[in-house]
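Me: Got a minute to go through a structure with me? I'd like to start with the domain interface.

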Amino acid sequence: MGRVTSERQIPTDAAPLDLRADPVELARRLIDIPSPSRHEGPIADAIEQALRGLGGDLWVRRLGNTVVARTDRGLSERVVLAGHVDTVPIADNVPHRAITDDAGREAIFGCGAVDMKTGLAVYLHAFAALHDSEDLKRDLTLVAYEAEEVDARHNGLRHVAEAHPEWLAGDIALLGEPSEGIVEAGCQGSIRLKIDAAGTRAHSARAWLGDNAIHRLAPVLAKTADYEPREAVEVGGCTYREGLNVVGIEGGVATNVIPDEASLLVNFRYAPDREANDAMDHLVEVLGVPHPGYEPGGEATGEGLSVRVEDFSGAAAPGLDEPAAASLLHAVGGEFRAKYGWTDVSRFGELGIPAVNLGCGDPGFAHKRDEQCPTSEITGLSETLSTYLTS
């Protein structure tokens, strides 16, 4: 994880968040507020209090544990700064610690240091510092939302998009997912199917009296293993890859019993040149299973198999050819790449708002016990974002 240089205890009577403080210190404060998914109340309370404390006639709203704030100065463009407040479960990495990383840089160690309390700190700081500044050239919307790291039905951004889409209106949206300060454009789509097989239980010494459910899944397993995904899909100047994998398998009763139940979880990550429904059609055809439809929770049965849609999330095109993205790319030095993985840029895409990922830290550290982010990346992204919003 790097060399620990200091440790901190979580204060029991923490002062209110100072959103105008140095974004590195703000990131430390956010990490020290535990907020695993479905337990975001305290951090949402702290952010809402801090935003309302900025004063003036600032527009602030809350839906569940999602907090939204907006400026309304009639500027020519509106930029949405969005970041989730939740983390994966804590793994002895809260409160934060100051470390020197393997490259010799000062870094913050802690749950959310990459995904994504550092990026959120930068966005909160930019909003607080610029909302009443004469230097601001673009109106701002700040969205700090709950439940990104769990099942999509809990996602706070989704709830706002469904209940109050007008809160999210903008010309471009930035999502604080870790990207090492480089624009990561678009995202892959994701489909996850649960495929169950039913058989007949029997003693393994008399296997002919049973029907092995695990064996029924063998053709699906073989087709998945033999699948050759596309490795270089060019979309909007970005190169995406696809992948089809079994990510879970269950079955078996005892070592002398033919199993009567078994299941596979299959995940298809697809490039944004595919429409979501077309991607589902392709996946079902490849696997040779009944078609469950196009909605989460959709089910179908046939030939001894039952298929259920566990996740169905659309991809997002890069959108870098949109006028609002040109000045952003200039501010980051023109560096961009494709985003591997699904992020909430897809939700903005569904609303017709071009969106990119722009945050701190190496995404390879996301969700790890030794999650960490160099402080120089926090400072650097803060400077870049300020330049963009004031130019």
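Me: How many salt bridges are there between domain 1 and domain 2?
Reply: Zero salt bridges between domain 1 and domain 2. Keep in mind that this is a predicted model.

Me: And how many residue pairs are in polar contact across that interface?
Reply: Two residue pairs, both at pLDDT 80 or more.

Me: Which strand gives the most on the domain 1 side?
Reply: Strand S19, residues 336-338, with three residues touching domain 2. By class, that side of domain 1 has nine nonpolar, two polar and two charged residues.

Me: OK, and how much area do the two domains bury between them?
Reply: About 880 Å², with 63% of it on carbon and sulfur atoms. Over in domain 1, Pro318, Tyr340 and Trp342 lose the most area to domain 2, and together they make up 49% of what that side buries.

Me: Remind me, where are the domains in the chain?
Reply: Domain 1 is assigned to 23-186 + 316-390, and domain 2 to 189-313. The contact takes 13 residues from domain 1 and twelve residues from domain 2. Their centres, taken over C-alpha atoms, are 34 Å apart.

Me: Switching topic: do S2 and S3 run parallel or antiparallel?
Reply: Antiparallel, with five bridges joining S2 (residues 59-63) to S3 (residues 66-70). Within that pair, Val60 sits opposite Ala69.

Me: What's in the turn of that hairpin?
Reply: There are two residues between S2 and S3, and Gly64 in the turn has a positive phi of about 65°.

Conventions
Residues are numbered from 1 along each chain as its sequence is written. This is a predicted model: local features need pLDDT of at least 70, side-chain atom pairs count only at pLDDT 80 or more; totals for chains, interfaces and linings use all residues. Side-chain values use heavy atoms; hydrogens and water are left out. Domain bounds come from an automatic or database domain assignment. Contact means heavy atoms within 4.5 Å. Buried area is the accessible area (1.4 Å probe) that two parts lose on being put together, summed over both. A salt bridge is a side-chain nitrogen of Lys or Arg within 4 Å of a carboxyl oxygen of Asp or Glu. A polar contact is a pair of N or O atoms within 3.5 Å; within protein, one must be able to donate a hydrogen and the other to accept it, and residues adjacent in sequence count only if both atoms are side-chain atoms. Helices (H or I, at least four residues) and strands (E, at least two) are DSSP runs, numbered from the N terminus. Ala, Val, Leu, Ile, Met, Phe, Trp, Tyr, Cys and Pro count as nonpolar, Asp, Glu, Lys and Arg as charged, and the others, Gly among them, as polar. Two strands pair if DSSP finds at least two bridges between them.
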